[in-house]
Amino acid sequence: MIRLAVIGAGLIGREHCQLIRDHDGVELAAIADPSPEADALAREYGCPLFRDYAAMLDSAAPDGAIVALPTTLHAEAGHACLDRGIPSLIEKPVADTLSAALNLTEASEAANVPILIGHHRRHSPDMREARRIVAEGALGDIVAVNGLWMADKPDAYFDTDWRRQPGGGPILINLIHDIDCLRFIVGEIAEVRAFASSTARGFEVEDTVSIALRFENGVLGSFLLSDAAASPFTWETTSGQALYFPHRAGDCYVIAGRTGTLAIPSMRLWRRDAPDHHWQHPLVEKQTPLDGSRTYPNQLEHFLDIIRGRANPVVSARDGTHSLATALAVQIAAREDRTVAVQDLLTAAA
Ligand SMILES: NC(=O)c1ccc[n+]([C@@H]2O[C@H](COP(=O)([O-])OP(=O)(O)OC[C@H]3O[C@@H](n4cnc5c(N)ncnc54)[C@H](O)[C@@H]3O)[C@@H](O)[C@H]2O)c1
């Protein structure tokens, strides 16, 4: 039985508690959260509650810890786990700044204590299959990519201060997942441009962003992001694999190549199979069956394998840092109205 602790029992921390309860071979050893709501949660799960996570790590000595704190607190908690040799699953983004993320990455590599970043979609069968389809050349050379993440967060979501402030918006909370997936499927993103707006709610933080992407391999992409639009076009809703979202079959990414196009997560693929490649001939449509497994339990099982020493993190702190750099590039591009190169940010922070 592996003993896990949850640090920060808010929106996603509570989900992690439930995932642990529902999973074989693991138990919730302790929760650390100073909020009054955490008392009832700890009673519900019948586990010790600590106000201070450092005291919890020392006293409960878990085999692993899940860090689900507000983003600005991720790096400090990550170091606290590393200092005690405890593997951690840190929610995305790995940290709020690139220098904090790089510092944590280097500390993890030097101590040889693994950190898994919570880019849960990497544990999804559709993302893995999409990467395989692109890599095996079924679409030909990739030309262009299009993505959507558009949902309407409820008013109560913004009662929490950090979500109304820069860094607490959909670029670092939601788009970073899509960036991570597109990096995984298509390759590294070299440069970005963006326009951002906060007119829907009038908060300091952005609510809507349009983004242009240039990948290192020359592929071009565009992405529309909004957390103020009533729409089913998010991976969470279209995949049916996320937590706390209804399923409505559809797509959130289109990957287009010289000989075919793949829609994700429906995994419909259209290919130009006729030898003369004439654009007025019908495309051949194919549906890839998926195993239907859900990403969060898959992620938890992977974290347990890391703790058992059977796997290395599929999303390491270094990998998560690259997704953070790309998301920050979007933020800067919108703020400064210029093209931002991701590598320039990484070099400046190193
Ligand atoms: N992977 C996902 O699906 C997913 C979903 C939502 C949020 N997230 C990420 O998880 C993180 C948390 O987001 P959230 O929406 O759950 O936030 P939240 O504000 O709902 O929860 C944060 C919790 O941390 C607690 N906390 C604050 N300071 C603490 C401290 N020093 N020690 C212990 N606990 C402390 C708060 O009391 C609160 O309960 C964010 O970084 C976010 O990007 C990931």
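In the predicted model, six strands form an open sheet in the order 3-2-1-4-5-6. The pairing in this sheet is parallel. Its edges are strand 3 (49-50) and strand 6 (115-117). Each of these has a single partner strand, so one side of each is left without a neighbour in the sheet. Within the sheet, strand 4 (residues 64-67) pairs with strand 5 (residues 88-90) over three bridges, in the parallel sense. Ala65 stands opposite Ser88 of strand 5.

Two backbone features fall in loops around this sheet. The peptide bond between Lys92 and Pro93 is cis, with omega at about -10°. Pro93 is located in the loop between strand 5 and helix 5 (98-111). Asn112 has a positive phi, near 55°, and is not a glycine. Its loop runs between helix 5 and strand 6. Asn112 counts as exposed because its relative accessibility is 70%. Both features depart from the usual pattern, since most residues other than glycine have a negative phi and most peptide bonds are trans.

A second open sheet contains nine strands. Their order is 14-13-12-11-7-10-9-8-15, and the pairing is mixed. Strand 14 (284-287) and strand 15 (340-341) occupy the edges. Each has a single partner strand, so one side of each lacks a neighbour in the sheet. Strands of a sheet pair through backbone hydrogen bonds, either parallel or antiparallel.

The run from strand 11 to strand 14 can be followed pair by pair. Strand 11 (residues 253-257) and strand 12 (residues 260-264) are antiparallel and share four bridges. Val254 has Ala263 of strand 12 as its bridge partner. Helix 6 (residues 125-135) packs on the sheet. Helix 6 touches strand 7 (142-150), strand 11, strand 12 and strand 13 (268-271). The direction of helix 6 makes about 170° with that of strand 12. Strand 12 and strand 13 also run antiparallel, joined by four bridges. Here Gly260 stands opposite Arg271 of strand 13. Strand 13 is in turn joined to strand 14 by four bridges, again antiparallel. Leu269 stands opposite Lys286 of strand 14.

The connection between strand 12 and strand 13 is a hairpin with three residues between the strands. Met267 takes a positive phi in this hairpin, near 65°. Pro265 lies in the same loop, between strand 12 and strand 13. A cis peptide bond, with omega at about 10°, joins Ile264 to Pro265.

Pro265 is also one of the contacts of Thr238. Thr238 belongs to helix 8 (residues 235-239). Thr238 counts as buried because its relative accessibility is 4%, under the 20% cut-off. Leaving aside neighbours within four places in sequence, Thr238 is in contact with Pro232, His247, Arg248, Ala249, Gly250, Asp251, Cys252 and Pro265. The loop between helix 8 and strand 11 holds Tyr244. Tyr244 is not a glycine, yet its phi is positive at about 45°. With a relative accessible area of 43%, Tyr244 is partly exposed.

Helix 1 (residues 11-21) and helix 9 (residues 295-307) were examined as a pair. Two packed helices are described by the angle between their axes and the distance between the axes. The axes of helix 1 and helix 9 come within 11 Å and cross at roughly 70°. Helix 1 is therefore roughly perpendicular to helix 9. Helix 1 contributes Ile12, His16, Leu19 and Ile20 to the contact. Helix 9 contributes Tyr296, Pro297, Gln299 and Leu300. By class, the contact has six nonpolar residues, two polar residues and no charged residues.

Overall, the secondary structure of the protein comes to eleven helices and 15 strands. The C-alpha trace spans about 70 × 45 × 40 Å along its principal axes. The radius of gyration is 20 Å. This agrees with a compact globule of 350 residues, for which a value near 20 Å would be expected. Of the 350 residues, 54% are buried. Among contacts with a separation of 6 or more, 66% link residues 24 or more positions apart.

Terms used: Residues are numbered from 1 along each chain as its sequence is written. This is a predicted model: local features need pLDDT of at least 70, side-chain atom pairs count only at pLDDT 80 or more; totals for chains, interfaces and linings use all residues. Side-chain values use heavy atoms; hydrogens and water are left out. Buried means under 20% relative accessible area, exposed over 50%, partly exposed in between (1.4 Å probe, protein chains only). Contact means heavy atoms within 4.5 Å. Axes are lines fitted to C-alpha atoms, for helices over the stretch in contact, and angles run from 0 to 180 degrees between N-to-C directions. Angles under 35 degrees count as roughly parallel, over 145 as roughly antiparallel, 65 to 115 as roughly perpendicular and the rest as oblique. Ala, Val, Leu, Ile, Met, Phe, Trp, Tyr, Cys and Pro count as nonpolar, Asp, Glu, Lys and Arg as charged, and the others, Gly among them, as polar. Two strands pair if DSSP finds at least two bridges between them. The radius of gyration is taken over C-alpha atoms; the globule rule is 2.2 Å times the number of residues to the power 0.38.
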